[in-house]
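Dear colleague,

Please find below the structure that I am handing over to you. A short account of the findings follows it.

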Amino acid sequence: RRLKECRQKQQSLTLSTLALGFLDNSAKHQLRSRVQAVGLFLIIPLIGTIIGLPWLFKEIQRESQLNADKRLLQNCPEKQQHCPGRREALERLVKAGKSLAYLEFDNAYLYSVNLNYANLYDVNLRYTYLRYAEFYNANLNYAYLNHANLNYAYLNYAYLNYAYLEYANLSYANLNHAYFYNANLRYANLRYANLKDARSSPFKVLILLPYFGLKF
């Protein structure tokens with residue numbers, strides 16, 4: 001009988017040892033799972049941050065450059081023809097979708113500047129040198145372009161409604177599909193300009209004498 005009791009106790013102890021071992025292994029497994037989960041929780045954002053850092057740094061640089069460009073335009077001496085970096089600053093701002101409305105560029109030298117799609121609403125471009133400048137689909141409504149040199153300029157689909165173009169040189173300019181509603185073109189030089197499909201309210205200059213060489 002004692003032998004039987006001893007055997008039962010031994011079996012009970014063996015089962016208890018196995019149970020403890022199982023519980024211990026289970027606890028270790030749960031701990032490992034939690035550590036892995038916490039690790040993933042920390043690693044994934046870290047990876048995202050590492051991947052996003054170059055883009056963020058690039059965006060910060062870009063905004064810093066654009067702010068510097070704005071300051072440069074503001075600090076260019078008034079009516080001074082040449083201002084180092086002005087043309088490049090304008091092009092960067094336009095490419096970034098920034099508005100140039102109401103700014104002053106009186107007498108500026110902007111040869112071949114690319115201002116396609118620019119917002120130049122009510123901008124002052126009097127006496128500016130804009131030969132070969134590009135203004136495709138640009139908003140030049142109410143812009144002041146008096147005496148501006150727009151010789152060979154690209155103004156396709158540009159909006160020049162209510163613009164002031166007195167004495168402007170638009171010879172050989174491409175004004176295909178441009179909008180000139182109520183534009184002031186008094187004494188403007190449109191010799192050999194391409195005015196095909198240009199749109200306007202009674203466009204006084206378009207019906208001038210043939211010797212102007214207007215191209216329709």
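The torsion about the S-S bond of Cys 76 and Cys 83 is about -80 degrees, so the disulfide between them is left-handed. The two sulfur atoms lie 2.0 Å apart; a disulfide is taken here as a pair of cysteine sulfur atoms within 2.5 Å. One disulfide was found in a search of the whole structure. Both Cys 76 and Cys 83 are buried, meaning under 20% relative accessible area with a 1.4 Å probe, protein chains only.

This is a predicted model, in which local features need pLDDT of at least 70 and side-chain atom pairs count only at pLDDT 80 or more, while totals for chains, interfaces and linings use all residues. Residues are numbered from 1 along each chain as its sequence is written, and side-chain values use heavy atoms, without hydrogens and water.

The largest nonpolar core (buried Ala, Val, Leu, Ile, Met, Phe, Trp, Tyr and Cys residues joined through side-chain atoms within 4.5 Å) has 44 residues. Those touching the most other members are Phe 135, Leu 140, Leu 145, Leu 165, Leu 175 and Phe 180. Helix H1 (2-75) and helix H2 (86-95) each supply at least two residues of this core; helices are DSSP runs (H or I) of at least four residues, numbered from the N terminus. H2 gives the most, with four residues.

Yours sincerely

Conventions: Buried means under 20% relative accessible area, exposed over 50%, partly exposed in between (1.4 Å probe, protein chains only).
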